[in-house]
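Could you take me on a tour of this structure? I have it open in my viewer and would like to know what to select next and what is there.

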Protein chains: 4
Amino acid sequence: MIIVMSNSATREQIDNVEKKLSDLGFRTHPIFGEIKTVIGAIGDKRLLNTHFISTMPGVEAIVPIMKPYKLASRELKQVSSIIDVGGVRIGGSEIAVMAGPCAIENKETFIETAIKVRDAGARILRGGAYKPRTSPYAFQGLEEEGLKIMAEARNVTGMKLVTEVVDTRDVELVASYTDIVQIGARNMQNFRLLKEVGMSKKPVLLKRGLAATIEEWLMAAEYVMAEGNLNIILCERGIRTYETATRNTIDMSAIPVIKEVSHLPIIVDPSHATGSWKYVNALSKGAVATGADGLLIEVHSDPCTALCDGQQSLRPPKFAQLMQELKPVAEAVGRTLK
Amino acid sequence: MIIVMSNSATREQIDNVEKKLSDLGFRTHPIFGEIKTVIGAIGDKRLLNTHFISTMPGVEAIVPIMKPYKLASRELKQVSSIIDVGGVRIGGSEIAVMAGPCAIENKETFIETAIKVRDAGARILRGGAYKPRTSPYAFQGLEEEGLKIMAEARNVTGMKLVTEVVDTRDVELVASYTDIVQIGARNMQNFRLLKEVGMSKKPVLLKRGLAATIEEWLMAAEYVMAEGNLNIILCERGIRTYETATRNTIDMSAIPVIKEVSHLPIIVDPSHATGSWKYVNALSKGAVATGADGLLIEVHSDPCTALCDGQQSLRPPKFAQLMQELKPVAEAVGRTLK
Amino acid sequence: MIIVMSNSATREQIDNVEKKLSDLGFRTHPIFGEIKTVIGAIGDKRLLNTHFISTMPGVEAIVPIMKPYKLASRELKQVSSIIDVGGVRIGGSEIAVMAGPCAIENKETFIETAIKVRDAGARILRGGAYKPRTSPYAFQGLEEEGLKIMAEARNVTGMKLVTEVVDTRDVELVASYTDIVQIGARNMQNFRLLKEVGMSKKPVLLKRGLAATIEEWLMAAEYVMAEGNLNIILCERGIRTYETATRNTIDMSAIPVIKEVSHLPIIVDPSHATGSWKYVNALSKGAVATGADGLLIEVHSDPCTALCDGQQSLRPPKFAQLMQELKPVAEAVGRTLK
Amino acid sequence: MIIVMSNSATREQIDNVEKKLSDLGFRTHPIFGEIKTVIGAIGDKRLLNTHFISTMPGVEAIVPIMKPYKLASRELKQVSSIIDVGGVRIGGSEIAVMAGPCAIENKETFIETAIKVRDAGARILRGGAYKPRTSPYAFQGLEEEGLKIMAEARNVTGMKLVTEVVDTRDVELVASYTDIVQIGARNMQNFRLLKEVGMSKKPVLLKRGLAATIEEWLMAAEYVMAEGNLNIILCERGIRTYETATRNTIDMSAIPVIKEVSHLPIIVDPSHATGSWKYVNALSKGAVATGADGLLIEVHSDPCTALCDGQQSLRPPKFAQLMQELKPVAEAVGRTLK
């Protein structure tokens, strides 16, 4: 890291900072400019608590040089990770499509939708048994009953399952039913929940927080990985901006940025990112062409009766059409789609 | 709510929407303009799941008219709430100051700091026993050991305690030690945690989420209140914006907005909002003059050795000076400070 | 528009608002709910100054129903506009690629780059003769000398030209040299400049403002169109968000949103949006797959000596490779690329 | 500045960067860490075009150490500037209040409002003769006719005038009438306009751009100052964020930040920042207590008939009441109010 001293820093203050750094095990290299002095400090700040340097007299700012994440970084592991979910590989040449309704409402509708999305080409079935809803008066999910319906849909369709967990107390239960445990955007910095899924070993779909930076997102992945679970799939789902034409603003540039700095696969959720089914087709193609490893798409047999997020759900025929249109796009960028 | 039909909506589509609304118990009032038709729908959308109306053919948009929160709204309760924390009243004419270090590091330092902030006029002692840290490699708090130190500091100083809880499994334990349970910014939409503290009856300090709207913040309060716990103190702690000169951007206008739409008291945390002790003095005075009911301020005896957030902590003498300077500001706006 | 009355509005206040609206030529339709009254007002608010209604006693909010833009809206013109720039058509089935250096630095380099981008398939040559730079101490462009170099490059290559104008006093001069006049992000709400280019009849490339909503962007187009110049090409160039991994955040969802609400073509500038040449390839493909009508890409023969924005410029060989890779993507979504 | 080399940078790449820097007149100090090498470069980057260093092979990032503004910085001038506007001093111990209607609509109303705000204690009269309006169909101002009315109001009241200029072609004319030339938020990066007012020598009220960082704002001041006009008054008017409860989000922390890094005075415009007269009282007091040097407040005799921004205008009696309430707040922080 680099310590920038203020213009008025005295020689004594500079010496004190150097001494403190040295005590902490850093090697220091002061550079005396005409106006300012900066001190280069070599050592691993990840293991140290160095912020307090910034409170020492004469210090203007600290500039970190090393990235704060390690296990998630491409510097550590240069080969892209492929997450194997019972034979469905995420991060390889095949585009992985996860589809299904936002919430599980009843068995018939859910299984009916599952069959349709599988027939259209989705390999992983999504569905929410525990729903984090903004309003306490909104439908909160069927809980374990929902998990059972999902398990039955897996039996019927042969698909893999992904579903969200929202409470540390439920991790074991949810993990016992699902193939991928989802951490939702609102829980991206629920560090206890991250640790808990880190201990479960199930693949984790880690959604980006509503206003999380890419660095914070990778630090959340690092929490999971630090517990020993390296099977992380990142999911871009739109960030909060001033624009109101869409519910969130999909950050498509996160795809090449993640590919540069991390080895983890990244998929995109255009349904939550935009909040409107009308934009899902265009942005799904855009995400794949930009380099996403997969998609998470809401599909509902009858969006008009959905208990949750109907306005962003595709009907099965529109989803099937999208899958047809996606195939040439995937091939145009050297990927495949079943 | 108002349903806005698209310009090309057919009469049949309009009739279908009206019928659906009517089936759901709404009274409808269509208004036929020259270009557009809008339908006024009277009824309580809070108890209904009406979003799917937006997916019906011909519907362009839904405009909610009623606010989604109820128990937190000033419409329901016109008199401002005063939260009584063992005799310290928050929301009344006296400005409530909560102060102390970010994390509890050891007993001696903590109690020493506690005595100093009490002597300077703070009535409530803050301290973190469970720390939600961005990095898994950073100090995570002393946990129950920290709670015990806080309890001892209460005995010594006679102050009330506020500390954060980060896991549903710890709510009972934390509540057994503290006087106010804090929900941190990163957990503002951890709905399970909100419900759990809603059942505990202890006063709750509810920090605004990093990128939460005022409406979402009040909906988080509603979650707690819906479980029967009405003792909520809101805490503005800065929101995420593009500006990097401060760590977050303090949203001072949230104070008059909250005062208009809610009866709950609101305090301000200038330490986290700015990330720098240099700005705490100015913004503390600004917050009180704007109408805040209190302040949450980080104070540390030796910020240079703090294990957490040292750069935003005031030293006790600067805190004592701030308290002196705050008094005339409080009085200038008709408030008092002990 | 809809006027929402506050819960405590009196009957007299409601009557006053209705009377005022009626005086202004609106037809009114009050809807009396159990808690609130709302008033539907039919008439063209675009020609009226109705905001003051919001200051009348008892009024809580005004909800506009009609979009504020008219000439730019798809409601007015349902067929997508194709802008003809001397035979190069923007908005049709062919993807239009504009490429070249950020600033014109000298004739030789510029013409050399022009030939290379033309050979790679670009039909329109970009170059800055007037540069809006954040610092007064940075290179500000060659001004008319730069325009002359551009004109010569047009003679040599047969390409069309696009260049920015930054001052009302220069519009006539710039328009006399270029084929497309660019309005930069920082001038998107320089309304006098918009009016001036509106009077010039040259096609206008209208970049989205740094933090402009899609609605404000279309209102800027409306300014130009209201002067009689309907030849607008919109250009998404990234918006300002809290994320710092890229210089701006490319708003890819603006593409389908614009396609839905407006008939104007939209192109994407991945170079300015990301600030890094490393991300241009991925996002160019993503933009085309999402439905963009074209791209604006910075190319520089020797980015290391560029006087402006070198870090976001592709070298000609990388640009040629991108053009090759773009072709199958364009075809996958039913478009062509020369 | 600091050049951060990538982990995989070769010795040759490091040498090349050092050589390039050396050729440009920088002294270089490489620091070889275990994983990374960084190069400290001493010299004035303000006068050089160093961004291209970032495109050299092996370079990961450039970290600027020096601030890009110079004339506006407190490093250059440690004493706070006081701008003298014909005897009204801005930036001294007295709080300067500028008040008046958004737009000048007719002589009688304007002069009537002027007299009332003067009697309440405002020393400077605001009014818009040229209005930058989002819609081309909205009232655009009375232009020179409006300036004449302002001049007459000055004669009647003895106040000083502040009014906006929106076009380089009008600077001379506007400056000939007014005492302070205002640059509006939308023109904060209209660099030609900044240069033009820089040449006029009239005091300049420089509003912060809608989404401008504090650094960009000071760079805009630098543009004006670089032309020789050092009489800049900064005006915080709210920034664009995701929050919609207020029109913009007032960035109160900009006050202490500006006071730290610049010698220029800063005032606050709570009317535009919030978009609602209801919040003006609270935030005016908050701004003064935080350390603002003055306020810019919209006052209109009859907001219900205002042609512009009526909803954010205070009526004269509410403004007079605010001035009364402000006095003790100003005194509480050691300032005065006439």
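## How the copies meet

Start with the surfaces where chains A and B come together. Every interface residue of chain A, 100% of them, is also an interface residue in chain B, so the copies meet through the same surface. Keep in mind as you go that this is a predicted model.

Now select chains A and B together. A turn of 180° with a shift of 0.0 Å along the axis lays chain A on chain B, with an RMSD of 0.0 Å. That is the relation of a two-fold axis. Which residue of chain A comes closest to the rotation axis? Select Ala211(A): its C-alpha lies 3.0 Å from that axis.

## Chain A as a whole

Hide everything but chain A and show it as a cartoon. You should find 10 helices and 14 strands. Along its principal axes, the C-alpha trace spans about 75 × 45 × 40 Å.

Next, colour chain A by domain. The domain assignment gives domain 1 (2–63) and domain 2 (83–332). Taken over C-alpha atoms, the centres of domain 1 of chain A and domain 2 of chain A are separated by 44 Å.

Switch to a surface view. The accessible surface of chain A comes to about 10900 Å², and 50% of it belongs to carbon and sulfur atoms. Of the 338 residues in chain A, 65% are buried. Contacts that reach along the chain are worth a thought too: among those in chain A between residues at least 6 apart in sequence, 68% join residues at least 24 apart.

Finally, colour the charged side chains. Chain A carries 41 positive and 39 negative ones, and the centres of the two sets lie 2 Å apart.

## Helix 5 of chain A

Select residues 191–200 of chain A, which form helix 5. Which of its residues are buried? They are Phe191(A), Arg192(A), Leu193(A), Leu194(A), Val197(A) and Gly198(A). To see what covers these buried residues, add some neighbours of chain A to your selection: the cover includes helix 4 (171–177), strand 10 (180–183), strand 11 (204–207) and helix 6 (214–226).

Step just past the end of helix 5 of chain A and you reach Lys201(A), which takes a positive phi of about 75°. Most residues other than glycine have a negative phi.

## Ser253(A), between two chains

Stay with chain A and select Ser253(A), in the loop between strand 12 (232–236) and helix 7 (254–261). Is Ser253(A) buried or exposed? Its relative accessibility is 1%, so Ser253(A) counts as buried.

Now bring chain C back into view. Not counting residues up to four places away in sequence, Ser253(A) touches Thr246(C), Ile250(C), Thr274(C) and Leu283(C). Add Thr290(A) as well: it is 37 residues from Ser253(A) along the chain, and 8.2 Å separate their C-alpha atoms.

## Two stops in chain C

Move to chain C and select its helix 5, residues 191–198. Six of these eight residues are buried, so helix 5 of chain C is largely enclosed by the rest of the structure. The buried residues are Phe191(C), Arg192(C), Leu193(C), Leu194(C), Val197(C) and Gly198(C). They pack against helix 4 (171–177), strand 10 (180–183), strand 11 (204–207) and helix 6 (214–226) of chain C.

For the second stop, select Glu18(C) in helix 1 (residues 11–23) of chain C. With a relative accessibility of 16%, Glu18(C) counts as buried. Leaving aside neighbours within four places in sequence, Glu18(C) is in contact with Thr28(C), Pro30(C) and Ile39(C). For a sense of distance, select Val224(C) too: 206 residues in sequence and 35 Å in space, C-alpha to C-alpha, lie between Glu18(C) and Val224(C).

## Two loops in chain D

The tour ends in chain D. Select Glu143(D), in the loop between strand 8 (124–126) and helix 3 (144–157). Glu143(D) is not a glycine, yet it has a positive phi of about 55°. Its relative accessibility of 35% makes Glu143(D) partly exposed.

Then select Lys201(D), in the loop between helix 5 (191–198) and strand 11 (204–207) of chain D. Here is another residue other than glycine with a positive phi, near 75°. At 45% relative accessibility, Lys201(D) counts as partly exposed.

Definitions and conventions:
Residues are numbered from 1 along each chain as its sequence is written. Chains are lettered from A and ligands numbered from 1 in the order in which they are written. This is a predicted model: local features need pLDDT of at least 70, side-chain atom pairs count only at pLDDT 80 or more; totals for chains, interfaces and linings use all residues. Side-chain values use heavy atoms; hydrogens and water are left out. Domain bounds come from an automatic or database domain assignment. Buried means under 20% relative accessible area, exposed over 50%, partly exposed in between (1.4 Å probe, protein chains only). Helices (H or I, at least four residues) and strands (E, at least two) are DSSP runs, numbered from the N terminus. Contact means heavy atoms within 4.5 Å. Accessible areas come from the Shrake-Rupley method with a 1.4 Å probe; for residues, only the protein chains shown count as cover. Lys and Arg count as positive and Asp and Glu as negative; His and the chain ends are not counted. The place of a charge is taken as NZ of Lys, CZ of Arg, CG of Asp or CD of Glu. Copies are superposed by least squares on the C-alpha atoms of residues with pLDDT of at least 70 in both.
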